[in-house]
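Visitor: Got a minute to walk me through this one? I'd like the helices, then a sheet.
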Amino acid sequence: MGFPKFISFTILIVIAFLTQSISAQIVFKELPNYQLKSSDSSFFDIGSTRSIISLDGKWSVYPANSKGKDKVQITVPSIFQGNGELVFEKHFSLSKNDLNNHKLKLAFLGLNYTADISVNGVIIYRHSGGEFPFEFDLPRDILGSEKSNLLTVRLYYKLDSENTIPLKQRFLFPQNFGGIIKDVYIKLLPTVSIFDLSLASNYESGPDKAKINIFTKIDNSKYITSTDTLASQNQFVLKVKFVSPGGNSVTTSPDYSFQLIPNREKNISQTFELNSPALWSPSNPQSYMVYFELWNGSDLIDRAKESLAIYTLKPGKDNLTLNGNEFQLSGVTYIPSFQDNGNLATYDQMENDIKSIKELGFNCVRFAKSVPHPYYLKLCEKYGLLAFIELPLNSVPGELAQDQNFISRCKNYLSNFIWAYRNYSAVAAIGLGSSYITNSDPQIALLKSLASIVKKNTNKLTYASFSKLNPTSLNNIDLYGIELFNKSITEETDNLKNLQSELGTGNVFISSATYVVNIGNTNGYVNDHSFEAQAKYFEDLIDYSNNNPLSGYFINSMFDYRGDYASLVAGYNKNNIYQIGICGEDRSTNRIGYKVIFSKLHNTEKVTIPIGSKKDDAPMIFILSGLILAIIMGVLVNSGKKFREDSSRALLRPYNFFADVRDLRIMSGYHTTILAIIVSAVTALTISNLLFYFRENIVFEKILLSFGSSKIIKVFSYLSWHPTNALIWLTITIFIILVALAVVVKIASFFVRNRVFFSSAYFSVVWSFLPFVLLIPVGIVLYRLLSAEVVNLYIYLGLLFFAGWVFYRLMKGVYVIYDVNAGSVYFYSIIIILVLLCGFIFYYQMKNSVLDYLQLTFKQYKLLG
């Protein structure tokens, strides 16, 4: 019959469509008049023996495949939007003194994502990915003095679903940009220098002592000369001085004498005890300044310095303690986002945000879903905020969690992450990601593996955040976070108490309490997802923590921020702004939620949140459009006997009707087109009702997010939150689909013997959809029926029945006008539909592992067993 040829033709079209590629344009964004804050000598470790050379400012950049052509000037730090492989170049000069009398290290405070870094054409470092800080030696033999040297960074940026951290599919994550996004500079150290160091403190309240573990690496990179044979030239003493907060007293560790010949390194581990130390706490953020001095006889060779906050945060069976006293985490998540600039910020902007968090009354901050600039951690120590930092991992599919390559990548990332932030005292805990579920064995195995790395390399607490948490203790996990999303803590009371009983009250905390605002201000908190409802949500959380055993909570988040994906649950916004913050993007403190939290945390006068009256959110457009369609259909039915008869026969005796169409009996093209418009509008009305109902459904959003397409979720978000526009656009789209179906039926007729006119195909397709007209009354009240949450299952089954009925009628119309066996049409039609569906799924599976993420979503929300 020729249908196999048609199948082959269809497959070729699908393949051609799926294999097409679209190149995205790279757009750079910069901060005007940005300045590296070299005046902060403590942060950059600048002193009498150490200095830095900033490499910020003008750089050249060009596409990697252009071979040096199409160069443009940009400023570093900066970000770019889009995917690609770019080459960044920076010329810099060194004096003879810089080169001959110093050891050089190149420091990047952050770039995204992977990079090959070379100097004067020689690759000297390969960054495997991640925004965390890193530094490495600059070999002096490839550098020149009194001439220009060329630093080249070949950077590749593209997030995907399996090989990057963060992954491509990420729920309510901030925007992620490529580029050299933080400062770049050269550190000038003495040729014999304290090359590396780390500090770790452990306070015991019983004896009132702090045990300080000190690790230093001394490097002698002097050129060998004839005088090096003298032993005195290679004799050194390491002195460590602890200067108390305020500088009133200095405590010195015992001198450590050693010999170190040129081109050798020396690792030194020391343990030192401070009696009755000055303790750091959020209410009294006092830190020691620790000086590491390297002496050769009476000559000071090198001096490095680090600040040290001495405290001990311990979870226990009954509570959480800080420095031996009961302590409760009162925190907020902070996601750096500065409108169009993403996380690109000046040092003043960073300090203002941290000050805002402290002034609101919080004692800790969780840097969730992003890698923080190290300056934030210095500020946390300065202002008195415990810092929780974590891997930017979220909702890892089970298949991926047990992939050995991904596990190795996570371990490598975590090791580098720990190393980058090892000397920031404000870091109280290191997180392993969010939205884990304890009924996923691969996720639990991954967590245990990562937690062991943290415990092996640091004395920090470990934590993980769970969307679904069962009372199961995990090795090396100290704190278990519970995520609350639009759900009051009072709804989780029983589960929370069960977890506290099994895991320990001090080990369980609220890692993320999120309440989205998508309708703005109303007259009271009875209106869900208003600013008033958000304020009530925060008030209930704080009241519960004050009146019940709870180790702490983190409100999500301090400020609104932007994401790469449009959101349904957070409301549609053309800039993808997630309106979940205590304050807006503009940092304004006018929201009622801010005022409520401030009054609660500062014990000031109570802020009254109005109750208000419930606002009917059912769109009037559904009622109006349904009534208009009913009137038009009534007029059409009563406009003439012919249309009534055609409608009756098409609905009740479809075979006879389609036979008349095949035999070219008189049919009105005018009436058929009007009917096509009505059918399109009724279908659009039904779909718009469904989209409006599901607009706040997190499962629906995560299903869409599983495809990893920002365009798909943006279209759905727009249509869900704009019912009037949805009716218009869906009506137009469905009408075009009806015409396209008629074209397909006509094209397919070339493979059968019977001659089929386009008018016959068009009439058959349109009249096949006649049952949808019966849904006009349903479209008027569908959203209200669904909102009642009473007969939803029957409604879905009813809509599926109508869809199946229309498909059956369409197939009947096709085989009648083709004058062929019905079984052939059903068989080949189902094959075509499966080919299209499987092609669509296969494309997104190969591109974004959609099936793995769908499986995780179904498991997370118990849609599958």
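Guide: A term to start with: buried means under 20% relative accessible area. Also, this is a predicted model.

Visitor: Fine. Which residues of helix α20 are buried?
Guide: Helix α20 spans residues 776-787, and its buried residues are I776, G779, I780, L782, Y783 and L786.

Visitor: What covers the buried residues of α20?
Guide: The cover includes α12 (620-637), α15 (669-693) and α21 (792-818).

Visitor: And just after α20, what phi does E789 take?
Guide: A positive one, about 55°.

Visitor: Switching. At what angle do α16 and α23 pack?
Guide: About 165°, with the axes 9 Å apart. Helix α16 is residues 698-705 and helix α23 is residues 850-860. Angles over 145 degrees count as roughly antiparallel, so α16 and α23 are roughly antiparallel to each other.

Visitor: Is the crossing left-handed or right-handed?
Guide: Right-handed, as α16 passes α23.

Visitor: Which residues make the contact?
Guide: From α16, V699, K702 and I703. From α23, L854, T857, F858 and Q860. By type, the contact residues are 4 nonpolar, 2 polar and 1 charged.

Visitor: Now the sheet. What is the strand order?
Guide: β13-β14-β18, an open sheet of 3 strands with antiparallel pairing. The edges are β13 (192-204) and β18 (264-275), each paired on one side only. Twist averages 15° from one strand to the next.

Visitor: How many bridges join β13 to β14?
Guide: There are 12, and the two strands run antiparallel. Strand β14 covers residues 209-220.

Visitor: What is the bridge partner of S198 in β14?
Guide: F215.

Note on methods: Residues numbered from 1 in each chain as written. Predicted model: local features only at pLDDT ≥ 70, side-chain atom pairs only at ≥ 80, totals over all residues. Heavy atoms only, no water. Axes fitted to C-alpha atoms, helices over the stretch in contact; angles between N-to-C directions. Helix = DSSP H or I, 4+ residues; strand = E, 2+ residues; numbered from the N terminus. Parallel < 35°, antiparallel > 145°, perpendicular 65-115°, else oblique. Left-handed = near helix turned anticlockwise from the far one by under 90°. Contact = heavy atoms within 4.5 Å. Nonpolar A, V, L, I, M, F, W, Y, C, P; charged D, E, K, R; others polar. Buried < 20%, exposed > 50% of the residue type's maximum accessible area, 1.4 Å probe, protein only. Pairing = 2+ DSSP bridges.
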